[in-house]
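Take a walk through this model, one strand pairing at a time. Keep the sequence beside the 3D view.

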Amino acid sequence: MIPVTSLKGKTVALFGLGGSGLATALALAAGGADVTAWDDSAASVENAAAAGVKTGDLRNLDWTGIDALVLSPGVPLTHPKPHWSADLARAAGVEVIGDVELFARERRAHAPNCPFIAITGTNGKSTTTALIAHILKASGRDTQLGGNIGTAVLTLDPPKAGRFYVVECSSYQIDLAPTLNPSAGILLNLTPDHLDRHGSMEHYAEVKERLVAASRTAIVGVDDTFCERIADRVERAGTKVVRISKRTALADGIYAEGARLILAQAGATREIADLSSIQTLRGSHNAQNAAAAVGACLAVGVNETDIRAGLASFPGLKHRMQPVGRKGDALFVNDSKATNADAAAPALSSFERIYWIAGGVPKEGGISTLGEFFPKIAKAYLIGQAAPDFAATLGETVPFEMSGTLERAVQDAAGDAEKDGTGPVAVLLSPACASFDQYKNFEVRGDAFVKHVAALPGMSMLVEV
């Protein structure tokens, strides 16, 4: 835990007692703050009280005596309308902040020079975050990984000299972190997302820009117009900018040329890494993720040899294009995190011949946007509620089977892949659907896929079961 000493002796209101909210309440109390916490869920309030947190309805507080409102990132700050606790705080002139802001303050207070890499963007955040942390750990550095990737940032070890922090930041967390100042800040890309919480694409982009604008070194993907303009603005304001691209040669920055990462500096270019043999970094989207990781690691002093070694040994992010087993020419890949068509596209683009397991609870639009990848699909195995709709979309274009369950789909796909005979193939779970018709979440679905793959005779597993 990181005790929040910056609010020692202060009176703090906290709203939102989920995982990160409860951790924040405990960290504030450990640092000497007088905290009153609340949630709209009675069960969450009861759970916090059982953990020793002082609870009370924030509507009953005297807000003239409150020094800060700490808001959980899942609670609306501005759109579609501010949460009532944020309205109360603003009416009383009380600052509204979140856990990432508290972390930034503790770092400045106790170890301002310890390296801090923050990662944001619409797509690829978690893979890039995990990749950077892996490179740092593999090089022997004391590395703390947290934030939006799933570990509350205030549950990490306290800042100290030589300790590296790698923190994934959602737009909600950035919005609640007005003094966030990473050593290296990454903005991967921007496409419309969470607009219900930000009101417009312009405001969403403005929030994301804050992370790199206050960084010592800003690493910015310039393959979309919003990010390209952000890179220019941040650079004009005096911040060092490292541009990255997965598709365009840059005069200065890091870009992908196929599977090769090229470093361009002072008019000269050279290969800094080759991803062609790294199964966990297949595809142009991962070239962008790797370029960002290289830029950030260079910015905090990691040498190129250690970076290349870390890239080569990256095990991948669980449930995201994760190689889990091999049998003959067939590679079995768990991409259960692909819960809509856009999320399935990177995996479908990364393999040349695919036995595709898809289906579940369909999202709006189904799989119609994936038509460009249909020529790569040797056969599809459809499961769950979406199976009839997906079958109608595939029609006469792609052979398919109504497998119904994931277990049957794995068996069907494995049998067909074994008889393929054309060379390397992928048996790919990339459902393009939510899991809730058959599984609690995409993690449980992915774990079930691994279990079913492991049960196939003659399977050589690449992960622990």
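Gln322 has Asn334 in strand 15 as its bridge partner. This is a predicted model, in which local features need pLDDT of at least 70 and side-chain atom pairs count only at pLDDT 80 or more, while totals for chains, interfaces and linings use all residues. Residues are numbered from 1 along each chain as its sequence is written, and side-chain values use heavy atoms, with hydrogens and water left out.

Strand 14 (residues 322–327) runs antiparallel to strand 15, and 5 bridges link them. Two strands count as paired if DSSP finds at least two bridges between them. Strands are DSSP runs of E with at least two residues, helices are runs of H or I with at least four, and both are numbered from the N terminus. Strands 14 and 15 make a hairpin, with 2 residues between them. In the turn, Gly328 has a positive phi of about 60 degrees.

Asn334 has another partner: Leu429 in strand 20. Strand 15 and strand 20 (residues 425–429) run parallel, joined by 5 bridges. Strands of a sheet pair through backbone hydrogen bonds, either parallel or antiparallel.

How many residues of strand 15 (residues 330–334) are buried? The count is 5 of 5. Buried means under 20% relative accessible area, with exposed over 50% and partly exposed in between (1.4 Å probe, protein chains only). Ala330, Phe332 and Asn334 are buried on one side of the strand. Leu331 and Val333 are buried on the other.

Now go to an open sheet of 4 strands. Its order is 2-1-3-4, and the pairing is parallel. Strand 2 (34–38) and strand 4 (95–97) are the edge strands, each pairing on one side only. Neighbouring strands in this sheet are turned by 25 degrees against each other on average, direction ignored. Axes here are lines fitted to C-alpha atoms, for helices over the stretch in contact, and angles run from 0 to 180 degrees between N-to-C directions.

Inside this sheet, strand 1 (residues 11–15) and strand 3 (residues 68–71) run parallel, joined by 4 bridges. Ala13 stands opposite Leu69 of strand 3. Helix 3 (residues 84–91) packs on the sheet and touches strand 1, strand 2, strand 3 and strand 4. Contact means heavy atoms within 4.5 Å. The direction of helix 3 makes about 160 degrees with that of strand 3.
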